[in-house]
Amino acid sequence: MTGSSVRGTLARTPPMGWMSWNAFGRDLSEAAVLDQAEAIVSSGLRDAGYEYVCLDDHWQGGRGPDGRLFPNAERFPNGIQALAEHLHQLGLKLGIYTCAGPLTCGGEPGSEGFHEIDADTFAAWGVDYLKVDYCHAPPDRDAAIERYARMGAALDATGQPIVYAVCEWGGRRPWEWARGVGAQLWRTTGDVRDQWDGPGGIVTLADATEPLAEFAGPGGWNDPDMLVVGLRGSSRDIAAGTIGCTDAEYRTQMSLWAMMAAPLMVSCDLRTADEAPRGILGGAGIIAIDQDPLGQPGRRTSRIGPLDVWHRRLAGAATAVALLNRSEKRVSLELGWDAAHGAPPEVLNAWSGLPVERLPLKVELDPHGTALYRIGSEVTAEETSVKPIRAG
Ligand code: GLA
């Protein structure tokens, strides 16, 4: 196969894995990454589908006289190739980070002018995934397309199946061109923050990404950034602040990311995470919706007061329905079925995996909580009904 045909088969479903940025920031090391890898395996998350273990910024040591990047020797004493081999032995894959500018966002050496040699280095190390940031690079769209195309061509030329993630934060509408430069995912927004709303908050990123559904599908995904599930205000990204989310909010992030067919990149420290986030990240019914082979992201189909209703078409003529409570109060509602459309379909609660005995179903949503159902037939927004139940 030529390089481009190898890469043409990548990411038929959204990539899943772990990324170092929020857990380690500048304190990234081989030891820390291997600890996370062991935790991914022992917690069952590898078997649930999380496979890419990604070094974000600050793995670099510098660029040698031969023009080749090398890792920080103190923190990566055995080099990146050995790390890749170790991860591969664990049944995992290695992701790495660079930037289209001369420096990365964290001030490390970037790939400007070195696209080909860097792609070649990453391929030689056995890297499986590359995130390319856009700090210190020209602001205009054409320049961005040109730089990302150069890296895409360089990755193709390696002949290795390296997933390519564009990270220019959405300002240059990458959903319109990133596939064309050989990328499998593109950030749609600025950086995620461990908070409900406001800049980078969970609902802010979901609201910005949901309208872009038509651009995503097998081999090319909208990326509203990492999962903050489990951070609990501990992000090492100073700008992220230390607000943190409730478990209901973390469940909402998983649910909405699944409805959007978004990449699922864990960013908490899995060694110290308690049971709740591991359970949320491992939700099999939610992951199955995210990874649905049809690869068609869902849309918000209605807004009823503080309630959002989303529908997503799934393979095998099935449908996912999400009910999101945007308010700070508990909300009760009734999920019903319009009898004019025949007998009610089979419905599963995607979080518990349990069948729903009958429709209409009374649903209680926590503040900022989301309920997610898998319906065993193709249903439209008109066929389902959602009625808030007024208290008192
Ligand atoms: C940018 C990216 C983040 C992270 C940092 C690293 O802000 O958007 O995801 O990679 O750079 O410096």
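This is a guided tour of a predicted model, proceeding from the ligand to an aromatic pair, two sheets and two backbone details.

**The ligand and its surroundings**

Begin by selecting the ligand and the 13 residues around it. Of these, D56, D57, K131, D133 and D191 come nearest. Colouring the shell by residue class divides it into six nonpolar, one polar and six charged residues.

Next, display the side chains of D57, R187 and D191. In D57, an N or O atom of the side chain is 2.9 Å from an oxygen atom of the ligand. For R187, the separation between a polar side-chain atom and a ligand oxygen is 3.3 Å. For D191, a polar side-chain atom lies 2.6 Å from an oxygen atom of the ligand. If a surface is now switched on, the extent of cover can be considered: the ligand taken alone exposes 300 Å², and the protein buries 93% of that.

**An aromatic pair**

The structure holds eight aromatic pairs. Select one of them, formed by Y52 and Y129; this pair is tilted, with 5.3 Å from centre to centre and 45° between the planes. Y52 belongs to strand β2 (residues 52-54) and Y129 to strand β6 (residues 129-133), so the pair ties together parts that are 77 residues apart in sequence.

**The sheet of five strands**

Turn now to the open sheet whose strands follow the order β11-β12-β13-β17-β15, with antiparallel pairing. Its edge strands are β11 and β15, each of which pairs on one side only. From one strand to the next, the twist averages 25°.

Within this sheet, select β11 (residues 299-304) together with β12 (residues 307-314); five bridges pair the two strands in the antiparallel sense. S302 can be found opposite V309 of β12. Strands β11 and β12 form a hairpin with two residues between them, and G305 in the turn has a positive phi of about 55°.

Extend the selection from β12 to strand β13 (residues 318-325). Eight bridges join β12 and β13, which run antiparallel. Here L314 stands opposite A318 in β13. When side chains are shown along these strands, a general point assists the eye: in a regular strand the side chains alternate between the two faces of the sheet.

**The sheet of three strands**

A further open sheet has the order β16-β14-β18, again with antiparallel pairing. Strands β16 (361-365) and β18 (384-389) stand at the edges with a single partner strand each, so one side of each is left without a neighbour in the sheet. Neighbouring strands of this sheet are turned by 30° against each other on average, direction ignored.

Select strand β14 (residues 331-337) with β16: the two pair in the antiparallel sense over five bridges. One position to label is E334, whose bridge partner in β16 is K362.

**Two backbone details**

Where does P360 lie? P360 is placed in the loop between β15 (347-349) and β16. Zoom in on the bond that joins L359 and P360, which is a cis peptide bond with omega of about 0°.

The final stop is A11, in the loop between α1 (3-7) and β1 (16-19). Although A11 is not a glycine, it has a positive phi of about 50°.

Terms used
Residues numbered from 1 in each chain as written. Predicted model: local features only at pLDDT ≥ 70, side-chain atom pairs only at ≥ 80, totals over all residues. Heavy atoms only, no water. Pairing = 2+ DSSP bridges. Helix = DSSP H or I, 4+ residues; strand = E, 2+ residues; numbered from the N terminus. Axes fitted to C-alpha atoms, helices over the stretch in contact; angles between N-to-C directions. Near = heavy atom within 4 Å. Polar contact = N/O pair within 3.5 Å; in protein donor to acceptor, adjacent residues only side chain to side chain. Areas by Shrake-Rupley, 256 points an atom, 1.4 Å probe, with all protein chains shown as cover. Nonpolar A, V, L, I, M, F, W, Y, C, P; charged D, E, K, R; others polar. Phe/Tyr/Trp six-rings, centres within 6.5 Å; stacked < 30°, edge-to-face > 60°.
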